[in-house]
Amino acid sequence: MELASLRQYIGWLEDGTVDLAELAAAAASVPAGSTARAMADVTIALAESRRGFVDRDPHWFVPLESVRASLGRAPAVVVARDTWLKFAAIFFIAALAASVLVLLLR
């Protein structure tokens, strides 16, 4: 699956064409309902969306939205871990520094 994804992406970078045949065949060989299959579906949706975005299709995001429903809570967990935890740490440090500054200035 990974090789098919890389070939599709490199082919898109080299000549701008999006050939999903090999990628779809690789995804079909992965068992349905598995994590690998979910990753394959997301990879295909990403390739389709990338093509639509470059072609200035106003609905380029539809393939991503359609695959999002099948992922459950996984994307929310990733966003919380990769984005919001970093912000929470920054805000905690800023609040701690402000608290110490207020105590020192009393």
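The largest nonpolar core in this predicted model is built from 10 residues: A4, W12, V18, L20, L23, A26, A27, A40, I44 and A47. Three helices feed into this core, with at least two residues coming from each of helix 1 (2-15), helix 2 (21-28) and helix 3 (35-54). How these three helices sit against one another is a good place to start.

Two packed helices are described by the angle between their axes and the distance between the axes. For helix 1 and helix 2, the angle is about 165° and the axes are 9 Å apart. With an angle over 145 degrees, helix 1 therefore runs roughly antiparallel to helix 2. On the helix 1 side, the contact is made by A4, S5, R7 and Q8, and these meet E22, L23 and A26 of helix 2. The crossing of this pair is left-handed.

Helix 2 then pairs up with helix 3. Here the axes come within 9 Å and cross at roughly 165°, so helix 2 and helix 3 are roughly antiparallel to each other. L23, A24, A27 and A28 of helix 2 make this contact, together with R37, A40, T43 and I44 of helix 3. This crossing, too, is left-handed.

That leaves helix 1 and helix 3, which pack at an angle of about 10° with their axes 11 Å apart. Because the angle is under 35 degrees, helix 1 counts as roughly parallel to helix 3. The contact brings S5, Q8, Y9 and W12 of helix 1 up against T43, A47, R50 and V54 of helix 3.

Helix 2 takes part in two of these pairings, so which of its residues are buried? They are L23, A26 and A27. Looking down the axis of helix 2, these buried residues fall within an arc of 100°, so they line one face of the helix. An α-helix has 3.6 residues a turn, so residues three or four places apart point the same way. Helix 1 and helix 3 are both among the parts that cover the buried residues of helix 2. A27 gives a close-up of this: setting aside neighbours within four places in sequence, A27 is in contact with M1, R37, A40 and I44.

Helix 1 has some buried residues that are not on the list of core members. Q8, which lies in helix 1, has a relative accessible area of 7%, so Q8 is buried. Beyond its neighbours within four places in sequence, Q8 is in contact with V18, D19, L20, L23, A47 and R50. S5 is also part of helix 1, and S5 counts as buried because its relative accessible area is 16%. Not counting residues up to four places away in sequence, S5 touches L23 and T43. L23 thus turns up among the contacts of Q8 and among those of S5.

The loop between helix 1 and helix 2 holds L20, one of the core residues. Is L20 buried or exposed? With a relative accessible area of 16%, L20 is buried. Leaving out residues up to four places away in sequence, L20 touches Q8, A47, E48 and R51. L20 and M39 are 19 residues apart in sequence, and their C-alpha atoms are 15 Å apart in space.

R37, over in helix 3, is partly exposed, at 23% relative accessibility. The cut-off for buried is under 20%, so R37 does not make it into that group. Setting aside residues up to four places away in sequence, R37 touches A27, A28, V30, P31 and A32. R37 is 31 residues from L6 in sequence, and the two are 16 Å apart in space, C-alpha to C-alpha.

One last residue has a backbone angle worth a look. Most residues other than glycine have a negative phi. R56 is not a glycine, yet R56 has a positive phi of about 60°. Where is R56 placed? R56 is in the loop between helix 3 and helix 4 (62-68). R56 counts as exposed, since its relative accessibility is 76%.

Key: Residues numbered from 1 in each chain as written. Predicted model: local features only at pLDDT ≥ 70, side-chain atom pairs only at ≥ 80, totals over all residues. Heavy atoms only, no water. Core = buried A, V, L, I, M, F, W, Y, C linked by side-chain atoms within 4.5 Å. Buried < 20%, exposed > 50% of the residue type's maximum accessible area, 1.4 Å probe, protein only. Helix = DSSP H or I, 4+ residues; strand = E, 2+ residues; numbered from the N terminus. Contact = heavy atoms within 4.5 Å. Arc of directions from axis to C-beta. Axes fitted to C-alpha atoms, helices over the stretch in contact; angles between N-to-C directions. Parallel < 35°, antiparallel > 145°, perpendicular 65-115°, else oblique. Left-handed = near helix turned anticlockwise from the far one by under 90°.
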